[in-house]
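Visitor: I'm new to this and would like a close look at one single part. Please pick a spot, take me through it slowly, and then show me how it fits in with the rest.

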Amino acid sequence: MDARGDHALVLFSGGQDSTITLAWALARYREVETVGFRYGQRHAVELECRPRLREKLAAMAFPGRLGEDHLIDLGPAMAAVGETALTSDAAIALGADGLPSTFVPGRNLLFLTLAAAIAHRRDLRRVIGGMCETDYSGYPDCRDDTIKAMQIALNLGMARRFVLETPLMWLSKAESWRLARDLGGEALVALIVEETHTCYLGERGARHDWGYGCGTCPACALREAGYREFRAA
Ligand code: ZN
């Protein structure tokens with residue numbers, strides 16, 4: 001059975017990429033629900049950004065399209081399967097396997113599976129995430145092939161025709177800022193700068209022209225470089 005094709009569920013963390021992804025979905029689909037996950041992340045502050053961002057995005061450009069929000073708590077489950085630098089005070093560094101210590105094994109696989117389960121229940125056809133293979137921090141579960149394989153697995157396992165969409169997959173960070181400006185003008189760029197969270201350390205003390213953050217962790221460095229390139233173009 002086919003779910004409602006113009007209804008979507010966006011994986012929405014409150015970060016820069018997922019906010020641009022949500023704006024993209026709101027511009028295209030009639031109704032868009034959101035899902036977020038609490039998994040003991042060090043930057044849990046991003047979850048606090050979610051309601052404000054949802055409210056402002058809905059008011060800004062796409063009235064009447066933003067539907068329900070689902071917040072799923074995976075804290076104890078994720079804690080039980082191991083510590084990483086994203087979920088503990090361990091240092092953020094590259095491991096011997098070439099993966100950053102912020103890698104939470106299987107995180108996006110788990111998120112996509114749970115999102116598809118919600119989409120199944122809510123009769124939504126499109127499951128949309130901000131995963132990105134360009135500029136990515138070495139996370140194998142952000143790769144296009146991973147997402148495509150998940151689409152097949154989920155469709156087989158849930159007997160549906162979900163479409164997994166990743167509008168940022170092949171964009172650089174500068175290009176994703178440009179996409180934000182195309183979708184919502186400077187007002188959307190300003191909203192992302194002001195209200196989204198990217199810093200792995202969860203710091204929101206210092207305000208830079210690209211937003212809040214420690215300014216030195218890999219997530220801040222990537223966000224700053226992308227913003228500079230976007231403004232320089
Ligand atoms: Zn940072």
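**A close look at the zinc site and its helix**

Guide: Let's start with Cys-217, which counts as buried because its relative accessibility is 5%, and the cut-off for buried is under 20%. Keep in mind as we go that this is a predicted model.

So what does Cys-217 do here? Its SG atom is one of the atoms that coordinate the zinc ion. The partners of Cys-217 in this job are Cys-199, Cys-214 and Cys-220, each of them also using its SG atom, and the distances to the zinc ion run from 2.3 to 2.4 Å. If you trace the donors along the chain, you get the spacing C-x14-C-x2-C-x2-C. Now look at how they're arranged around the metal. The angles between the four donor atoms come out at 106 to 115°, so the arrangement is tetrahedral. To earn that label, all angles have to lie between 85 and 135 degrees.

Next, move along to Cys-220. Like Cys-217 it's a zinc donor, and its relative accessible area is 0%, so Cys-220 is buried too. Cys-220 also brings us to helix α7, as it is listed among the buried residues of that helix.

Helix α7 covers residues 218-232, which makes 15 residues. From its first C-alpha to its last it reaches 21 Å, close to the 21 Å you'd expect at 1.5 Å a residue. Which residues of α7 are buried? They are Ala-219, Cys-220, Arg-223, Gly-226, Tyr-227 and Phe-230. Seen down the helix axis, these buried residues fall within an arc of 135°, so they line one face of α7. And what lies over them? The cover includes helix α1 (16-28), helix α6 (173-195) and strand β7 (211-212).

Two of those covering pieces are worth a visit of their own. In α1 you'll find Thr-21. Thr-21 has a relative accessible area of 0%, so it is buried. Setting aside its neighbours within four places in sequence, Thr-21 is in contact with Val-10, Ile-128, Gly-129, Gly-130, Pro-167 and Leu-168.

Over in α6 sits Ala-180. Ala-180 is buried as well, because its relative accessibility is 0%. If you ignore residues up to four places away in sequence, Ala-180 touches Ile-20, Gly-185, Leu-188 and Ile-192. Here's a nice one to check in the viewer: Ala-180 and Thr-21 are 159 residues apart along the chain, and their C-alpha atoms are separated by 8.8 Å.

That kind of link across the sequence shows up in the numbers for the chain as well. Take the contacts between residues at least 6 apart in sequence: 70% of them join residues at least 24 apart.

Let's zoom out to see where our part belongs. The protein chain has seven helices and seven strands. Read along the sequence, they follow the pattern β-α-β-α-β-α-α-β-α-β-α-β-β-α. The chain has 233 residues, and 50% of them count as buried. Its accessible surface comes to about 10,100 Å², with 54% of that belonging to carbon and sulfur atoms.

To get a feel for buried and exposed, try a few residues in other helices. Asn-108 is in helix α4 (residues 107-122), and with 9% relative accessibility it counts as buried. Leaving out residues up to four places away in sequence, Asn-108 touches Met-131, Asp-141 and Cys-142. Glu-55, in helix α2 (residues 45-60), has a relative accessible area of 58%, so it is exposed. The C-alpha atoms of Glu-55 and Leu-66, 11 residues apart along the chain, are separated by 8.9 Å.

Last stop: a couple of backbone oddities. Most residues other than glycine have a negative phi. Asp-123 isn't a glycine, yet it has a positive phi of about 65°. You'll find Asp-123 in the loop between α4 and β4 (124-128), and its relative accessible area of 22% makes it partly exposed. Ala-159 has a positive phi too, about 50°, and it isn't a glycine either. Ala-159 is in the loop between α5 (144-158) and β5 (163-165), and with a relative accessible area of 58% it is exposed.

Methods
Residues are numbered from 1 along each chain as its sequence is written. This is a predicted model: local features need pLDDT of at least 70, side-chain atom pairs count only at pLDDT 80 or more; totals for chains, interfaces and linings use all residues. Side-chain values use heavy atoms; hydrogens and water are left out. Donors are N, O and S atoms within 2.8 Å of the metal (3.2 Å for Na, K and Ca); water is not among the atoms, so sites may look incomplete. Four donors count as tetrahedral if all angles lie between 85 and 135 degrees; four count as square planar and six as octahedral if opposite donors are over 155 degrees apart and all others between 65 and 115; anything else is irregular. Buried means under 20% relative accessible area, exposed over 50%, partly exposed in between (1.4 Å probe, protein chains only). Helices (H or I, at least four residues) and strands (E, at least two) are DSSP runs, numbered from the N terminus. The expected span of a helix is 1.5 Å times one less than its number of residues. The arc is that of the directions from the helix axis to the C-beta atoms. Contact means heavy atoms within 4.5 Å. Accessible areas come from the Shrake-Rupley method with a 1.4 Å probe; for residues, only the protein chains shown count as cover.
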